[in-house]
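These are my notebook entries on a structure that I looked up. I began with the fold of one chain and then turned to the packing of its helices.

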Amino acid sequence: MEAAAVPTVAVPAWRANLATIGAMMTRARNELVRVPGAAIPGVLAPTIFFLGLNGVFGALTQLSGFSTGSYEAFIVPVSMLQGAGFTGAAAGVNLARDYESGWVDRLLVSPAPRWVILAGTVLAASARAMIPAVFVFTIALLLGAGFPGVDGMVICFAMVAAMAAVAACWGSFLALRFKSQSAAPLMQSGMMALVLLTPAYAPIALLQGWLRTVAEVNPVTHVIEAARQGFVASVTWADTWPGLLALAGLLLVLGGLALREMRRTAQ
Amino acid sequence: MSALVLNARVVAALGMRSIRQTFRRPQLIAPIIVFPTLLLAIQTGGAGGAVELPGFPPVQSFLQFMLAGAMMQALMLAGNSGGIALAVDIEMGFTDRLFTAPIPRFAIVLGRLAGTAALGLFASCWFLAIGLIFGAEIEGGVLGALLAMALVTTAALAVGGIGAAIALRTGSASVVQGLFPLVLVVLFLSTAFFPQELMIEPAKTIAEYNPLSFVVEGVREPIIAGINAGDTLAAVATIAGIFALGLLLSDRALRHRLRAG
């Protein structure tokens, strides 16, 4: 007796890919909902840095060359981007944990394209980065940083989301390279260096020696300038596009490295 | 062999174990040395113009001013890491095995603290070397450098006592690790990174009474000005106070752990 043929409905590839990305983002959200405490360090660290730096270095605005008299306004985008860096790097730590527990292996034998798996991880990190960003932004407004305008706020949050994606690519690359959570300090400190080796504490003209040179070539300088513009002046396209370009370049390079490592891992 | 010599050997052996443990695992040494070094470099370059602010104490450079802050950061992180390592030992059952050994209980804590103190000494040497390499002068000369190293080492021992007490009380590495943000708060609310007179309220007032500020000034003076008896005594008294508090809390936590089983 012949078995009845089961009609199969071909799901378009793009829809399957979207479903996979959505499932991975849901998994990341579930982790957060089930263990809310896990989000605390990612929120606390940039908040402490924001409050601490403001209390300690607030007098720097007295130096000639500062475009604003409010250090809160000057430093808040840095803390938000720092939060994005921590959150993105944490995505790398989680990926390393998943590798150690064997979950990544199971993921890699699925028919989902590698870039879809990476996109799920990266987009989840971008979404998660909104938690510390909103928290720090609210604290800054309460302390008198001044509202950056709708356009300034949108640009700032877009920069934060994209920076978290960059950090998640970096974290994923290291997680798959070292296949161990012990690479976590490298993920965190790498992102911290990238964000702070910029005009984070003072305008570029006031930076000393080597830091000025590094900040001038560090692409994240453009990201910080773009995110900061609404807080210290008005929003312009001239201050925005270099940030977008820098983020696109970083995503391309670090995303490419992460993808290559994922393919190597699968082999 | 006298009991004193025997106990000293136990403390030395456990101390060596904790030092080896730290240096064998890059993830343990990295936060203690790399993180403060990175922040020192960034803050020196980023906020270096601060020396021109009216009210800033006379210093050769901002790097010279910041060396004490970097050492403080390293020793606080060393204390935290020592606590984490002790909590890991508790979680893995190593401490229970030590409890059943014919050694005094205080040697278990002192052994861990010896490792933390060694890390403090290493950190002080590291940052003084960095300062000298990048042109910072130690105004107090060799004696001043030795004084700064001694204060940082003993302060690491004292702060490590608090970390050990929390580890013994909770027995959880993640709880001790969770104190990391608190370490940052205590640091920011002290004079580690900026002169107290130039800080913004409420950080300014809190820094004035923060015990860590007394230790910072004790370490900083020999570097930026020369040995000052008043600052040194205040730092020594503060370190002694923190050490006594750490020992008291550790003793209580140890008794609680042994009672609870």
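Entry 1: the fold of chain A. I counted the secondary structure first and found 11 helices and zero strands in chain A. I kept in mind that the model is predicted. Reading along the sequence, I wrote the pattern of chain A as α-α-α-α-α-α-α-α-α-α-α. I then looked up the radius of gyration of chain A, which is 20 Å; the globule rule gives 18 Å for 267 residues, so chain A is as compact as a globular protein of that length. I also noted the span of the C-alpha trace of chain A along its principal axes, about 90 × 35 × 35 Å.

Entry 2: burial and contacts. How much of chain A is buried? I found that buried residues make up 50% of its 267 residues. Next I took the contacts in chain A between residues at least 6 apart in sequence, and noted that 81% of these join residues at least 24 apart.

Entry 3: a helix pair within chain A. I chose helix H7 (residues 149-178) and helix H8 (residues 184-196) of chain A, whose axes come within 9 Å and cross at roughly 150°. Angles over 145 degrees count as roughly antiparallel, and H7(A) is therefore roughly antiparallel to H8(A). I recorded the crossing of H7(A) and H8(A) as right-handed. Which residues meet there? From H7(A) they are A:Ala167, A:Trp170, A:Gly171 and A:Leu174, and from H8(A) they are A:Leu186, A:Met187, A:Gly190 and A:Met191. By class, I listed six nonpolar, two polar and no charged residues in this contact.

Entry 4: where chain A touches chain B. I found 31 residues of chain A in contact with 27 residues of chain B. On the side of chain A, the elements that give two or more residues are helix H2 (40-57), H8 and helix H9 (209-217). H2(A) gives the most, with nine residues. I sorted the residues of this side of chain A into 22 nonpolar, nine polar and no charged.

Entry 5: a helix pair across the two chains. The axes of H2(A) and helix H8 (residues 180-188) of chain B come within 10 Å and cross at roughly 5°. I therefore entered H2(A) and H8(B) as roughly parallel to each other. Among the residues that meet are A:Leu44, A:Ile48 and A:Gly52 in H2(A), and B:Leu184 and B:Phe188 in H8(B). The contact of H2(A) with H8(B) has nine nonpolar, two polar and no charged residues.

Note on methods
Residues are numbered from 1 along each chain as its sequence is written. Chains are lettered from A and ligands numbered from 1 in the order in which they are written. This is a predicted model: local features need pLDDT of at least 70, side-chain atom pairs count only at pLDDT 80 or more; totals for chains, interfaces and linings use all residues. Axes are lines fitted to C-alpha atoms, for helices over the stretch in contact, and angles run from 0 to 180 degrees between N-to-C directions. Helices (H or I, at least four residues) and strands (E, at least two) are DSSP runs, numbered from the N terminus. Angles under 35 degrees count as roughly parallel, over 145 as roughly antiparallel, 65 to 115 as roughly perpendicular and the rest as oblique. A crossing is left-handed if the near helix is turned anticlockwise from the far one by less than a right angle, and right-handed if clockwise. Two residues are in contact if their C-beta atoms, placed from the backbone, lie within 7 Å. Ala, Val, Leu, Ile, Met, Phe, Trp, Tyr, Cys and Pro count as nonpolar, Asp, Glu, Lys and Arg as charged, and the others, Gly among them, as polar. The radius of gyration is taken over C-alpha atoms; the globule rule is 2.2 Å times the number of residues to the power 0.38. A residue is buried if 20 or more other C-beta atoms lie within 10 Å of its own, exposed if 12 or fewer, and partly exposed in between; C-beta atoms are placed from the backbone.
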